[in-house]
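Here's a quick tour for anyone opening this structure for the first time. Have a look at it, then read on.

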Amino acid sequence: MSRQVTREALEQAMRNDELVLFYQPKVCLLTGDVLGAEALVRWTDNSNVVLSPDEFLPLVESSGLLHDLTLQLLDQLVAAIVTLRDTAPAATQAGAVAHLPGALENRRSLALSINVAPDDLASRTISNQIHALLQAGTISAPELQIEITESAVMGNVDRVYDDLVRLKNMGIKILMDDFGTGYSSIDRLSQLPFDSLKLDQGVVKRMATSRQNLDVVRSAISMARELGMTSVAEGIETESVYNFLIAHGCEEGQGYFLGRPMSLHDFKGFVCAEHDFEGSQIGRVHQAS
Ligand code: C2E
Ligand code: MG
Ligand code: MG
Ligand code: MG
């Protein structure tokens, strides 16, 4: 279906709740547990996806609709958090996590992450709303995470820094998205309040192609660790990449191999189902030794 993307069409889609969040599972590479999901916006029409975010977000920003969309998506996200709260993740085999103190207790709280643009932070749209939600007790801090791309941060450090710190002080985890595509210096990284580096999917996909590309991923993972951050790999499409990441100590993963972005209804089913991602035994053996 082709649809002319105009400001009017966008406004109408927003009024009709056609901009909908999908959820892509995030998995603990150590245990295979589903930890939560990344929320990704889609323009839908009778539940079919019409447009992907890259096709309409630039217009959202240029036509001044970002503030409204962000609030609308945050509402959807909070409703999803509340819905999922009572969805018990499938039990992990007790033996597989017995060496991990706290793992059994922690695995019931799912975290959903939302992508934000620099303007969302500069305007405090997100942090004001999250502050109110936390104050009201609607959500708790571990249930929501923020993703912002490396290039968006590095191009706007002065505009986003205060709000990142504000969110961090509320206990919200902040992930640097698409790491490896921007120009962070170690010095800058150490001064910014990030909890995790999300390795860009291009970097992740290339790791299987050469020793040098593999070394890039390995050094990113160890740099994250040196700086007190965890590593999350996105774009895991194959079992071999999945196993490489496990073997090199990456903590979390996301990608078509583990699960595609899906509706909230399907994600609920995903959370409840049992998963035995191929190769996860390797990670357990590696990490346990
Ligand atoms: P991102 O945050 O880096 O999201 C990851 C993108 O990679 C998503 O594309 C996802 O569908 C895709 N992906 C995940 N796993 C795989 C895989 O294994 N293989 C391949 N080929 N692709 C994979 P999507 O959903 O089209 O989103 C594109 C970008 O749009 C996102 O990149 C994010 O930066 C932005 N975005 C999405 N939703 C929002 C939103 O609600 N607000 C804002 N400001 N930006 C958003
Ligand atoms: Mg993201
Ligand atoms: Mg990304
Ligand atoms: Mg991206």
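Cys28 has Glu252 of strand 9 as its bridge partner, and that's a handy way into this predicted model. The strands on either side of that bridge are strand 1 and strand 9 (residues 252-253), which pair in the antiparallel sense over two bridges. From there we can look at the rest of strand 1, then the two metal sites, then ligand 1.

**Strand 1 and its partners**
- Strand 1 covers residues 19-28 and is mostly tucked away, with nine of its 10 residues buried.
- Its link to strand 2 (residues 34-45) is antiparallel too, and nine bridges hold that pairing.
- Within this pairing, Gln24 sits opposite Glu38 of strand 2.
- Strand 1 and strand 2 make a hairpin, with five residues between them.
- Look for Gly32 in that turn: its phi is positive, at about 80°.

**The magnesium ion (ligand 2)**
- Which residues supply the protein donors here? They are Glu38 (OE), Asn115 (OD1), Glu147 (OE) and Asp177 (OD), and they lie 2.0 to 2.2 Å from the ion.
- Along the sequence, these donor residues follow the spacing E-x76-N-x31-E-x29-D.
- Distant parts of the chain get linked this way: Asn115 belongs to strand 4 (residues 111-115) and Glu147 to strand 5 (residues 144-149), 32 residues apart.
- Asn115 counts as partly exposed because its relative accessibility is 32%.
- Glu147 has a relative accessible area of 0%, so it counts as buried.

**The magnesium ion (ligand 3)**
- Asp177 (OD), Asp178 (OD) and Glu234 coordinate this ion, with Glu234 (OE) listed twice, at 2.0 to 2.4 Å.
- The spacing of the donors along the chain reads D-D-x55-E.
- Again, distant stretches come together: Asp178 is in strand 6 (residues 173-179), while Glu234 is in the loop between strand 8 (230-233) and helix 13 (239-247), 56 residues apart.
- Is Glu234 buried or exposed? Glu234 is buried, since its relative accessible area is just 7%.
- Asp178, at 21%, is partly exposed; the cut-off for buried is under 20%, so Asp178 doesn't make it.
- What bridges the magnesium ion (ligand 3) and the magnesium ion (ligand 2)? Asp177 does, and the two ions lie 4.0 Å apart.

**Ligand 1**
- Ligand 1 has 23 residues around it, and the closest are Arg42, Asp177, Gln201, Glu237 and Tyr256.
- Asp177 turns up here as well as at the metals: it is among the closest residues to ligand 1 and bridges the two magnesium ions.
- Asn115, a donor to the magnesium ion (ligand 2), also places a polar side-chain atom 2.9 Å from an oxygen atom of ligand 1.
- For Glu234, which coordinates the magnesium ion (ligand 3), a polar side-chain atom lies 3.5 Å from an oxygen atom of ligand 1.
- Glu237 has a side-chain N or O atom 2.5 Å from a nitrogen atom of ligand 1.
- On its own, ligand 1 has 800 Å² of accessible area, and the protein covers 85% of that.

**The chain as a whole**
- You'll find 15 helices and nine strands here.
- The chain has 289 residues, and 50% of them count as buried.
- Of the contacts with a separation of 6 or more, 70% come from residues 24 or more positions apart.
- The accessible surface is about 13,400 Å², and carbon and sulfur atoms account for 49% of it.

Note on methods
Residues numbered from 1 in each chain as written. Chains lettered and ligands numbered in written order. Heavy atoms only, no water. Buried < 20%, exposed > 50% of the residue type's maximum accessible area, 1.4 Å probe, protein only. Helix = DSSP H or I, 4+ residues; strand = E, 2+ residues; numbered from the N terminus. Pairing = 2+ DSSP bridges. Donors = N, O, S within 2.8 Å, 3.2 Å for Na, K, Ca; no water. Near = heavy atom within 4 Å. Polar contact = N/O pair within 3.5 Å; in protein donor to acceptor, adjacent residues only side chain to side chain. Areas by Shrake-Rupley, 256 points an atom, 1.4 Å probe, with all protein chains shown as cover. Contact = heavy atoms within 4.5 Å.
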